[in-house]
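Let's take a walk through this structure together, one strand at a time. Have a look at it first, and then we'll start.

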Amino acid sequence: MSSMLYPGVARIVRPALLLLWAVAGTGGAAGQPDPGKWIEEAEAAYARVASYTAVVHKQQRVAGALLPLETILLKFRKPFSLYMKWMNEPHEGSELLYVAGWNENRVKAHRGGFFGFVTLDLDPMDPRLLANNLHPVTDMGIGHLVTTVAANVRAAINAGELGFSEQGDEFVYGRKTQVVEVVFPSQRAGGGDGHRFVINQDVESRILIRFRVYDRDGQLLENYGYEGLDTNARLADADFDPAHSDYRF
């Protein structure tokens with residue numbers, strides 16, 4: 001079983017640590033964007049969400065190679081239940097199910113295609129799941145993104161650093177978003193890969209729906225987007241049951 005069993009919000013922790021130094025000195029100065037207020041809005045928006053569905057677009061650069069874009073149907077319910085189904089080749093038809101506290105906290109997954117009948121129960125840190133992935137499935141979802149960014153934004157504010165700017169509006173997945181850019185100062189680089197972060201926040205819902213990370217040469221390192229995000233989805237236990245009639249576990 002390969003990396004196709006992972007969409008995660010990949011490698012978000014490391015870039016978010018860089019965010020710690022990049023986002024703090026604006027502090028609400030006149031005429032300047034306020035990163036503290038910005039992240040508070042994102043936290044409050046996600047706090048109102050009990051469950052959601054979306055089509056996740058995921059792309060990562062692993063060991064120097066930019067992997068193909070993955071398109072994945074996602075169902076997510078708090079506190080942490082998720083179902084994923086890959087919608088494009090080479091992993092079309094692969095499925096993954098994880099519910100915190102269920103199945104001995106193991107991931108239930110299978111590939112698509114000829115070997116789709118082989119279902120495995122794996123620890124989230126199993127090398128077969130982590131191959132060509134930057135994060136375990138337990139880091140999946142908008143909530144992990146918001147929590148990680150928020151912690152580091154606040155630490156950066158306390159550190160008195162500045163590298164936060166609003167870049168205007170952009171339509172993404174048919175939604176009007178506000179673009180926020182964070183640049184990691186060269187004197188604070190510390191050997192990290194991520195240098196520039198571009199985040200799209202839905203103007204209406206204030207939820208973060210796209211996150212991109214670039215290195216100093218402008219290379220894309222990570223890209224995660226949530227298309228067709230439905231925060232009114234009413235998900236039941238059956239949506240996270242391998243016996244669901246639409247699933248092939």
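Strand β5, residues 95-99, is largely enclosed by the rest of the structure, because five of its five residues are buried. Keep in mind that this is a predicted model. In a regular strand, side chains alternate between the two faces of the sheet. For β5, both of those faces are covered: Glu95, Leu97 and Val99 are buried on one side, and Leu96 and Tyr98 are buried on the other.

So who are the neighbours of β5 in the sheet? Strand β4 (residues 81-86) pairs with β5 in the antiparallel sense, over five bridges. Strand β6 (residues 107-110) also runs antiparallel to β5, joined to it by three bridges. Leu97 is a handy spot to find both: its bridge partners are Tyr83 and, in β6, Lys108.

Now move along to Ile199, which sits in strand β10 (residues 196-202). Ile199 counts as buried because its relative accessibility is just 1%, and buried means under 20%. Leaving aside neighbours within four places in sequence, Ile199 is in contact with Trp38, Gln178, Val179, Val180, Leu208, Arg210 and Phe211. Take Arg210: it is eleven residues from Ile199 in sequence, and the two C-alpha atoms are 5.7 Å apart.

Another of those contacts, Gln178, belongs to strand β9 (residues 175-183). Gln178 is buried as well, with a relative accessible area of 15%. Its side chain makes a polar contact with the side chain of Glu166, at 3.5 Å. Beyond its neighbours within four places in sequence, Gln178 is in contact with several residues, among them Trp38, Gly168, Asn200 and Arg206.

Conventions. Residues numbered from 1 in each chain as written. Predicted model: local features only at pLDDT ≥ 70, side-chain atom pairs only at ≥ 80, totals over all residues. Heavy atoms only, no water. Helix = DSSP H or I, 4+ residues; strand = E, 2+ residues; numbered from the N terminus. Buried < 20%, exposed > 50% of the residue type's maximum accessible area, 1.4 Å probe, protein only. Contact = heavy atoms within 4.5 Å. Polar contact = N/O pair within 3.5 Å; in protein donor to acceptor, adjacent residues only side chain to side chain. Pairing = 2+ DSSP bridges.
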